[in-house]
Amino acid sequence: KFFRKKMILKCLLLFIFLIETFTFSTPETPSVNFPLFRWAQNRSRLWITIQVPAVKSPKVEFKSSSLLFEGVGGKDGKFYRLELDFLNEINPDTSSWQKFDKKFLITINKKEESQPHWPHLLK
């Protein structure tokens, strides 16, 4: 019996250690939620629709081949983050975004129109 109790205690301590080690949410850093998104394209543009309702203080950053979206939204005030590394380069200076009640519409201008359609969105 003593050996069994000792083994259970060791397993419990190991379990607690693993939970504390691999928890992604702390009071200082909120848990990250990944929003649903859709995309479409034509020769010169990409459109990305991100499904997050009632976002407060959104952050949208365009870089030469990536997009970063962050914001707090939804009924529960969850933190959402979406980072996309595109297959090809984009033109960050002419790309834009619009906020709606339940979604974001992001319009991205491709850097080169030589390739009519990207076979996929991400690297």
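What follows is a chat between a student and a tutor about this predicted model.

Student: Let's start with the sheet. What is the strand order in the open sheet of 4 strands?

Tutor: Pairing in this open sheet is mixed. β1 (32-33) and β4 (56-63) each have a single partner strand, so one side of each is left without a neighbour in the sheet. That puts β1 and β4 at the edges, and the order reads β1-β6-β5-β4.

Student: How many bridges join β4 to strand β5, and do the two run parallel or antiparallel?

Tutor: A hairpin takes the chain from β4 to β5 through 2 residues. β5 covers residues 66-73. The two strands run antiparallel, and the number of bridges joining them is 6.

Student: Which residue in β5 stands opposite V60?

Tutor: Look across from β4 to β5, which are joined by a hairpin. K59 stands opposite E70 in β5. For V60, the residue opposite in β5 is F69.

Student: On to charges. Which residues are linked in a network of salt bridges?

Tutor: Side chains of opposite charge can pair when their charged atoms come close. The structure holds 5 salt bridges. One of them joins E83 to R81, with the closest N and O atoms 2.9 Å apart. The linked residues are K59, E61, E70, R81 and E83.

Student: How far apart are N and O in the salt bridge between R81 and E70?

Tutor: R81 is in strand β6 (residues 78-85) and E70 is in strand β5, so to speak a link between distant parts of the chain, 11 residues apart. R81 is partly exposed, with a relative accessible area of 26%, whereas E70 counts as buried because its 14% is under the 20% cut-off. Their side chains meet with an N to O distance of 2.2 Å.

Student: And E89, which residue does it form a salt bridge with?

Tutor: The closest N and O atoms of this pair are 3.8 Å apart, and the partner of E89 is K111. The pair links distant parts of the chain, from the loop between β6 and β7 (90-99), where E89 sits, to the segment after β8 (104-110), 22 residues further along at K111. E89 is partly exposed at 41% relative accessibility. The partner, exposed with a relative accessible area of 53%, is K111.

Student: Now S95: is this residue buried or exposed?

Tutor: S95 lies in strand β7. Residues it touches, not counting those up to four places away in sequence, are F62, T107, I108 and N109. Its relative accessibility is 10%, under the 20% limit, so S95 counts as buried.

Student: Which backbone oxygen does the side chain of S95 reach?

Tutor: There are two backbone atoms to look at here. The backbone nitrogen of N109 lies 3.3 Å from a polar atom of the S95 side chain. The backbone oxygen, reached at 2.8 Å, belongs to N91.

Student: What about the backbone angles: what is the phi of A54?

Tutor: Most residues other than glycine have a negative phi, and most peptide bonds are trans. A54 goes the other way, with a positive value in a residue other than glycine. A54 is in the loop between β3 (45-51) and β4, and counts as partly exposed at 46% relative accessibility. Its phi is near 50°.

Student: What is the phi of S57?

Tutor: S57 lies in strand β4. At 63% relative accessibility, S57 is over the 50% cut-off, so it counts as exposed. It is not a glycine, yet its phi is positive, at about 45°.

Student: Last one, on the surface. Which residues form a nonpolar patch there?

Tutor: One member, L13, is in helix α1 (residues 2-21). L13 counts as exposed because its relative accessibility of 53% is over 50%. Together the patch residues have about 300 Å² of accessible area, and they are L9, L12 and L13.

Technical notes:
Residues are numbered from 1 along each chain as its sequence is written. This is a predicted model: local features need pLDDT of at least 70, side-chain atom pairs count only at pLDDT 80 or more; totals for chains, interfaces and linings use all residues. Side-chain values use heavy atoms; hydrogens and water are left out. Patches are made of residues with over 30% relative accessible area and no salt bridge: like charges are joined within 9 Å, nonpolar side chains (Val, Leu, Ile, Met, Phe, Trp, Tyr) within 5 Å. Accessible areas come from the Shrake-Rupley method with a 1.4 Å probe; for residues, only the protein chains shown count as cover. A salt bridge is a side-chain nitrogen of Lys or Arg within 4 Å of a carboxyl oxygen of Asp or Glu. Buried means under 20% relative accessible area, exposed over 50%, partly exposed in between (1.4 Å probe, protein chains only). Two strands pair if DSSP finds at least two bridges between them. A polar contact is a pair of N or O atoms within 3.5 Å; within protein, one must be able to donate a hydrogen and the other to accept it, and residues adjacent in sequence count only if both atoms are side-chain atoms. Contact means heavy atoms within 4.5 Å.
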